[in-house]
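Have the structure open and follow along. We will go from single residues to pairs of packed helices.

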Amino acid sequence: MEKNWKKNIVRFLSAQTISLFGSSLVQYAIIWYVTLSTSSGIMLTISTLCGFLPQICIAVFAGTWIDKYNRKKLIMLSDSVIALATLGLALLFLSGNKNIWVLFLVLIIRSAGAGIQTPAVNAMLPQIVPQENLMKVNGIMSTCNSIMMFLSPAVSGTILSVFSLEVTLFIDVITAIIGVSITAFVKVGQLIKNNTEDKTMIQNMKEGFRFVKNNKFVFNLLIFQMVSMFMISPSAFLTPLMISRRFGEEVWRLTMSEMTYSLGMVIGGILITTWGGFKNRLNTALVAGAMYGFVMIGLGISPVFIIYLICNTLIGITAPCYNTPITVTIQEKVDLDMQGRVFSFMQITTSCMLPIGMMVYGPLADVVPVETILIIAGILVITAAAIFHFSKALKN
């Protein structure tokens, strides 16, 4: 581990934050562009699928690549491919070719790149951060990401209202170039062991599946993640519907909902960074999961909009306190040459269970009040956290 690791991690976090800011701007801009230019629910659904499905598909292979090849180069390569695709889209739109299907193709490429970049970043951190500082660094990274997600809707909306979509696309290209350039100067320690190099991709994938199946801790962690993501999906997708039905259809209400959640994530990131959580990392995640369930109930019973916003902020606070300990636990307990595959499995779990949950809760929301769904789902989240806590499935 490099002696001046703090300077090294500042470079890396700066690069990732700058890159994320540009990506977030484009994410919001594209969603709003599709919405305003087509006014089609089908087109919006297609754009959502283009953002989710490629991450799931590529993550199956990404874990093996992350464990086999240079992680820093993979991060730089995926960011560069995303930037090139975005640049191509910007040039096509400037030339007058504004075919919506080309935009969907770029969304697919961007999603696939993110499916490689996200687990690669998580797997690379233990190579540049001393183990005793992983919680603090992950907390700082979560805080930086939350700040970018807080600022992005407002900045993206301002740019899109004054300029065209192409300007936002060029900003993303510039931030990607800056991010890749800074990452190039990050010093990364070598893996102590790497038994993936002499094996084929299929062999490495099978080895990853066997590891998850035979490692009770990782297996139970994935099960807990699957259950949690399925249960919390109403709070992730149905709250705008509840707001419009219960409090009013004004756009500012939806904006405030997004901003309070992001503000809560900033606060939660600062909290987990300074506090560090309980001595047992998974206790922190389980308590945060249970608190998330209680606040979901709060969302469902909120009598006025201001109470809803307070609960929404609290949900944002619990998110980093749930995600960060899980990430750090994997970084600490799983061998470095297996972390890429484990983090990819975690990403697949999250990317699959949220839309699967919506396939259940979405149609249900047309016959059952969203408030009722949130209350019941919140109770189930609390129950799941309690079961995993008292069964010690994640602690042995």
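A polar contact here is a pair of N or O atoms within 3.5 Å, and within protein one must be able to donate a hydrogen and the other to accept it. Keep in mind that this is a predicted model.

Start with Gln-55. This residue lies in helix 2, which spans residues 41–68. The side chain of Gln-55 makes a polar contact with the side chain of Gln-347, at 2.9 Å. Now look at what else surrounds Gln-55. Beyond its neighbours within four places in sequence, Gln-55 contacts Ser-111, Ala-114, Gly-115, Gln-347 and Ser-351. Gln-347 thus appears again in this list.

Next, find Ser-156. Helix 5, residues 134–162, carries it. Is Ser-156 buried or exposed? Its relative accessibility is 0%, and buried means under 20%. Ser-156 is therefore buried. Its side chain has a partner in the backbone: the nitrogen of Ala-29, at 3.4 Å. Ala-29 is also one of the contacts of Ser-156 outside the four places on either side in sequence. The others are Leu-25, Tyr-28 and Trp-32.

Gly-269 is the third residue to visit. Look for it in helix 10, residues 251–275. Gly-269 has a relative accessible area of 0%, so it counts as buried. Which residues does Gly-269 touch, not counting those up to four places away in sequence? They are Gly-139, Ser-142, Thr-143 and Pro-320. For a sense of distance, take Ile-382. Gly-269 and Ile-382 are 113 residues apart in sequence. From C-alpha to C-alpha, they are 22 Å apart in space.

Now turn to the helix pairs. Take helix 7 (residues 201–214) and helix 8 (residues 216–237). Their axes come within 5 Å and cross at roughly 85 degrees. Helix 7 is therefore roughly perpendicular to helix 8. On the helix 7 side, Phe-211, Val-212, Lys-213 and Asn-214 make the contact. They meet Lys-216, Val-218, Phe-219 and Leu-222 in helix 8. By class, this contact has five nonpolar residues, one polar and two charged.

Stay with helix 8 and look at helix 11, residues 281–301. These two helices pack at about 15 degrees, with axes 11 Å apart. Angles under 35 degrees count as roughly parallel, so helix 8 and helix 11 are roughly parallel to each other. Their crossing is left-handed. Helix 8 brings Phe-217, Leu-221, Phe-224, Met-231, Ile-232 and Ser-235 to the contact. Helix 11 brings Leu-282, Leu-286, Tyr-292, Met-296 and Leu-299. What classes do these residues fall into? There are 10 nonpolar, one polar and no charged residues.

The last pair is helix 12 (residues 305–333) and helix 13 (residues 339–364). Their axes come within 10 Å and cross at roughly 155 degrees. Angles over 145 degrees count as roughly antiparallel, so helix 12 and helix 13 are roughly antiparallel. Helix 12 passes helix 13 in a right-handed crossing. From helix 12, the contact uses Ile-326, Thr-327, Ile-330 and Gln-331. From helix 13, Gln-339, Val-342, Phe-343 and Met-346 take part. This contact has five nonpolar and three polar residues, with no charged ones.

Notes. Residues are numbered from 1 along each chain as its sequence is written. This is a predicted model: local features need pLDDT of at least 70, side-chain atom pairs count only at pLDDT 80 or more; totals for chains, interfaces and linings use all residues. Side-chain values use heavy atoms; hydrogens and water are left out. Axes are lines fitted to C-alpha atoms, for helices over the stretch in contact, and angles run from 0 to 180 degrees between N-to-C directions. Helices (H or I, at least four residues) and strands (E, at least two) are DSSP runs, numbered from the N terminus. Angles under 35 degrees count as roughly parallel, over 145 as roughly antiparallel, 65 to 115 as roughly perpendicular and the rest as oblique. A crossing is left-handed if the near helix is turned anticlockwise from the far one by less than a right angle, and right-handed if clockwise. Contact means heavy atoms within 4.5 Å. Ala, Val, Leu, Ile, Met, Phe, Trp, Tyr, Cys and Pro count as nonpolar, Asp, Glu, Lys and Arg as charged, and the others, Gly among them, as polar. Buried means under 20% relative accessible area, exposed over 50%, partly exposed in between (1.4 Å probe, protein chains only).
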